[in-house]
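Visitor: I have a protein model on the screen. Could you walk me through how it is put together?

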Amino acid sequence: MQTKTKERIYLLVIVFCLMMCGVLLISVFIGKPIMAAGEAEQHTPVVRLSQAPLPASAAQNAPQGAEPGGLEITGEYLAQRMSAYLPSGFPGEAVDVSITSDGSFGVGLSMTKSELKDYLKSSGISLGIRQAVAIGFMPDTIEVSAELSCKSADTYGIRLEPKRLSINNKNVDVSFMPQNIFDVLSGAINASIAYSGYDFAGIVFLDGAVLLK
């Protein structure tokens, strides 16, 4: 009798574990974002800041479009510049950058699962159980689309935080991607803007570009 009772308990535990794994996988691959209620916030499209000291004057580095009213930097320009500021071994490249007037940058990345794993390992980044399981079930080729929103700015640049994340056109919670990835992208965006060498005191977000003023 005791043996049958133990077998039933073990069976219930196994069934429970399988159900939890199923819920986790569904949450990763369903086409709806997993976001807490009230997470969406309003973002100010105009940012005023006291510009940090930039590298030596580099007017020749600035993209075309510098006018008395400001310098317009497009998403295409940022996509071209960002690769220079991504660390060695960073998985994939920024294949496109979009900018919206609500104060957000969208970055598209193309990488392989092995590149992502190698980068996380070499950077000493430990994964949570959910992240490890999610990455383990990803296909070999990963198309990542990350949206970073402007939260604030200071003398050191724009402070960006992850807002949305999709993997292979499936919306997932931003927590499935290690924060390090978002930090690196944020730093590359700031460095690319500073590379222009344009002395500005404010940033205006437009659809497709930011205007340095």
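Here is a short tour in questions and answers.

Visitor: What kind of model is this, and how many helices and strands are in the protein?
Guide: This is a predicted model. Its secondary structure has both kinds of element. The count is five helices and 10 strands.

Visitor: What share of the residues in the protein is buried?
Guide: A residue counts as buried under 20% relative accessible area. The protein has 213 residues. The buried share of them is 39%.

Visitor: How much accessible surface does the protein have, and what percentage belongs to carbon and sulfur atoms?
Guide: The accessible surface comes to about 12,100 Å². Carbon and sulfur atoms account for 57%.

Visitor: Among contacts with a separation of 6 or more, what percentage joins residues 24 or more positions apart?
Guide: Take the contacts in the protein with a separation of 6 or more. Those between residues 24 or more positions apart make up 67%.

Visitor: Which helix gives the most to the largest nonpolar core?
Guide: In soluble globular proteins, nonpolar side chains tend to be buried together. Here the largest nonpolar core has 45 residues, and Phe 105, Leu 165, Leu 185 and Ile 193 touch the most other members. Seven residues of this core come from one helix, the top contributor: α5, residues 179-195.

Visitor: What span should α5 have, and how far apart are its end C-alpha atoms?
Guide: Helix α5 has 17 residues, counted at 1.5 Å a residue. The expected span uses one less than the number of residues. That gives 24 Å, and the end C-alpha atoms agree at 24 Å.

Visitor: Is Leu 185 buried or exposed?
Guide: Leu 185 sits in helix α5. Buried means under 20% relative accessible area. Leu 185 has 1%, so it is buried.

Visitor: Which residues does Leu 185 touch, leaving out those up to four places away in sequence?
Guide: One partner is Leu 148, which lies 37 residues away along the chain, with 8.8 Å between the two C-alpha atoms. The full list is Met 82, Leu 86, Phe 90, Val 107, Leu 109 and Leu 148.

Visitor: How far is the C-alpha atom of Ala 79 from that of Ile 189?
Guide: Ala 79 belongs to helix α2, residues 75-82. It counts as buried at 15% relative accessibility. Ile 189 is one of the buried residues of α5. These two residues are 110 apart along the chain, yet their C-alpha atoms are separated by 8.8 Å.

Visitor: Why do the buried residues of α3 lie on the same side?
Guide: An α-helix has 3.6 residues a turn, so residues three or four places apart point the same way. In α3, residues 113-122, the buried ones are Lys 113, Leu 116, Tyr 119 and Leu 120. They share a side of α3 because their arc around the axis is only 130 degrees.

Visitor: Which exposed residues does the other face of α3 carry?
Guide: Look at the face of α3 turned away from its buried side. The exposed residues there are Asp 118, Lys 121 and Ser 122.

Visitor: What arc do the buried residues of α4 cover?
Guide: Helix α4 spans residues 129-136, and Gln 131, Ala 134 and Ile 135 are buried in it. They are on the same side of α4, because they cover an arc of only 95 degrees.

Visitor: How many residues of strand β9 are buried?
Guide: Strand β9 runs over residues 202-206. It is largely enclosed by the rest of the structure, because its buried residues number four of the five.

Visitor: Which residue in β10 is the bridge partner of Phe 205?
Guide: β9 and β10 pair in the antiparallel sense over four bridges. Their hairpin has two residues between the strands, and Gly 208 takes a positive phi near 100 degrees there. In β10, the bridge partner of Phe 205 is Val 210.

Visitor: What is the relative accessible area of Asn 169?
Guide: Asn 169 lies in the loop between β7 and β8. Its phi is positive, near 70 degrees, although the residue is not glycine. Asn 168 is found in the loop between β7 and β8 too, and its phi is about 50 degrees. Asn 168 is partly exposed at 24%, whereas Asn 169 is exposed at 76%.

Technical notes. Residues numbered from 1 in each chain as written. Predicted model: local features only at pLDDT ≥ 70, side-chain atom pairs only at ≥ 80, totals over all residues. Heavy atoms only, no water. Buried < 20%, exposed > 50% of the residue type's maximum accessible area, 1.4 Å probe, protein only. Arc of directions from axis to C-beta. Core = buried A, V, L, I, M, F, W, Y, C linked by side-chain atoms within 4.5 Å. Contact = heavy atoms within 4.5 Å. Pairing = 2+ DSSP bridges. Areas by Shrake-Rupley, 256 points an atom, 1.4 Å probe, with all protein chains shown as cover.
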